[in-house]
Amino acid sequence: MKNFTRNLVILPIFMYLVESRLVVQEVKLTNDELHSIKQSDAARSNQAAGQAAARALRDYMTQNSVKIVVDKGDVRVSQRYPNEGISTGHSCSVTAQAQSVVASVNMIPNTVELDPAGVVYLDEEKNSIAVADVRHRLSVNLNIRVWGGFRFFGRCKKYGRKTCSTEGHSEGTNQISVNLAASNTLVQCIGGEEHLTFNLNANVINEKKDGGYGAVHVGKRGGCNIRVLGIRVASINSKVQSYASRYMRSGGQHRFQQLRGPRLINELQRKLGVQLGSNVSLKIKDSAGAPRTC
């Protein structure tokens with residue numbers, strides 16, 4: 001589906017009153033990790049800082065049974081498609097077109113809890129702190145406009161029309177993940193100890209899993225009888241399934257959708273303890289947990 005895009009724009013800062021301290025106050029870094037942050041370019045330093053912070057947060061969330069709750073209302077996206085012709089098996093006497101086509105994807109459960117237990121190695125590379133596989137419903141709704149026609153001096157003349165409605169749906173599994181992002185990363189000496197400082201952001205991504213959706217079921221048609229109008233039912237089913245397949249077959253950036261909304265941002269800020277975009281400072285410790293002095 002064309003516009004089910006992975007748009008990794010960082011979630012905007014929403015002004016809620018939250019505590020000003022991140023729920024974790026320290027991070028463990030190996031000598032190689034610390035050297036990489038100090039010596040690498042900005043992009044690599046930010047990625048390394050994000051990975052370290054995500055690791056610390058996963059440990060904190062696991063130890064304290066912290067989960068991030070996503071509501072059904074935060075997981076909805078829809079896409080409109082242009083009108084397209086439908087094969088009727090007739091060149092002129094009956095022609096048809098799919099109109100007002102809207103495809104949408106919704107999370108099936110009312111709420112879902114994301115936690116570190118769902119994080120695997122590939123998620124760690126994305127700085128994920130909480131992940132869950134969630135059932136979704138893909139729906140396609142459209143109108144079918146049918147015209148009668150006749151040939152007049154070789155040209156097809158339309159003389160009447162009728163509009164029907166129909167829909168199709170499928171269920172499948174998406175992965176929802178909360179991923180951290182760090183920017184403006186620095187290593188600073190504060191009170192005789194090294195600290196990792198950066199601006200903390202997060203994004204929530206809804207990703208379609210490969211092979212996760214079943215066959216498209218086409219429902220009843222309202223407004224008119226397709227058979228009476230002379231349209232092959234198979235043509236209608238094929239058209240509905242083709243729209244659904246644009247989403248299910250899509251790959252690359254089209255597999256991803258970023259979730260955002262006031263409730264979701266509030267939930268992230270409440271569980272993290274800071275506003276998104278805030279500058280945080282974490283004490284740096286070595287692998288054994290000893291402070292790194294400066």
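# Exercises on bonds, strands and a helix

The S-S bond of Cys189 and Cys294 has a torsion of about 85°, so this disulfide is right-handed. The model is predicted, so local features need pLDDT of at least 70 and side-chain atom pairs count only at pLDDT 80 or more, while totals for chains, interfaces and linings use all residues. Residues are numbered from 1 along each chain as its sequence is written, and side-chain values use heavy atoms, with hydrogens and water left out.

## Exercise 1: The disulfides

Find how many disulfides the whole structure has, and work out which parts of the chain Cys189 and Cys294 link.

Step 1. A disulfide is counted when two cysteine sulfur atoms lie within 2.5 Å. Searching the whole structure gives 2 disulfides.

Step 2. Start with the pair you have just met: the sulfur atoms of Cys189 and Cys294 are 2.0 Å apart. Cys189 sits in strand 8 and Cys294 in the segment after strand 12 (279–285), so these linked parts of the chain are distant, 105 residues apart. Helices (H or I, at least four residues) and strands (E, at least two) are DSSP runs, numbered from the N terminus.

Step 3. Check how open each end is, using relative accessible area (buried under 20%, exposed over 50%, partly exposed in between; 1.4 Å probe, protein chains only). Cys189 is exposed at 52%, and Cys294 is partly exposed at 47%.

Step 4. Now take the pair of Cys92 and Cys156, whose sulfur atoms are 2.1 Å apart. Cys92 is in the loop between strand 4 (84–86) and strand 5, and Cys156 is in strand 8, so parts 64 residues apart in sequence are tied together. The S-S torsion of Cys92 and Cys156 is about 95°, so this disulfide is right-handed. Cys92 is buried at 4%, whereas Cys156 is partly exposed at 31%.

## Exercise 2: The salt bridges

Which residue forms a salt bridge with Arg263, and which residues make up the network of salt bridges that includes Arg263?

Step 1. Look for a side-chain nitrogen of Lys or Arg within 4 Å of a carboxyl oxygen of Asp or Glu, which is what a salt bridge is here. The structure has 12 of them.

Step 2. The partner of Arg263 is Asp71, with the closest N and O atoms 3.9 Å apart. Arg263 belongs to helix 5 and Asp71 to strand 2, so the pair ties together parts 192 residues apart in sequence. Arg263 is partly exposed at 46%, and Asp71 is partly exposed at 23%.

Step 3. Widen the view: Asp71, Asp74 and Arg263 are linked in a network of salt bridges.

Step 4. Try another pair for practice. Arg55 and Glu33 meet at 3.3 Å, N to O. Arg55 is in helix 2 and Glu33 in helix 1 (residues 31–39), so this salt bridge ties together parts 22 residues apart in sequence.

## Exercise 3: The strands

How many bridges join strand 7 to strand 8, and which residue stands opposite Val140?

Step 1. Strands pair if DSSP finds at least two bridges between them. Strand 7 and strand 8 (residues 155–190) run antiparallel and are joined by 24 bridges. Opposite Val140 stands Gly168 in strand 8.

Step 2. Follow the chain round the turn. The two strands form a hairpin with 2 residues between them, and Phe153 in the turn has a positive phi of about 50°.

Step 3. Look for a side-chain contact across the pair. Arg137 in strand 7 and Glu171 in strand 8 meet in a salt bridge of 3.9 Å, N to O.

Step 4. Strand 7 (residues 128–152) also runs antiparallel to strand 5 (residues 94–107), with 12 bridges between them. Ser104 stands opposite Ser139 in strand 7.

## Exercise 4: One strand, two faces

In strand 6 (residues 111–114), which side chains point to the buried face?

Step 1. In a regular strand, side chains alternate between the two faces of the sheet.

Step 2. Val112 and Leu114 point to one face and are buried, while Thr111 and Glu113 point to the other and are not.

Step 3. Strand 2 (residues 68–71) is joined to strand 6 by 4 bridges, and the two run antiparallel. Ile68 has Leu114 as its bridge partner.
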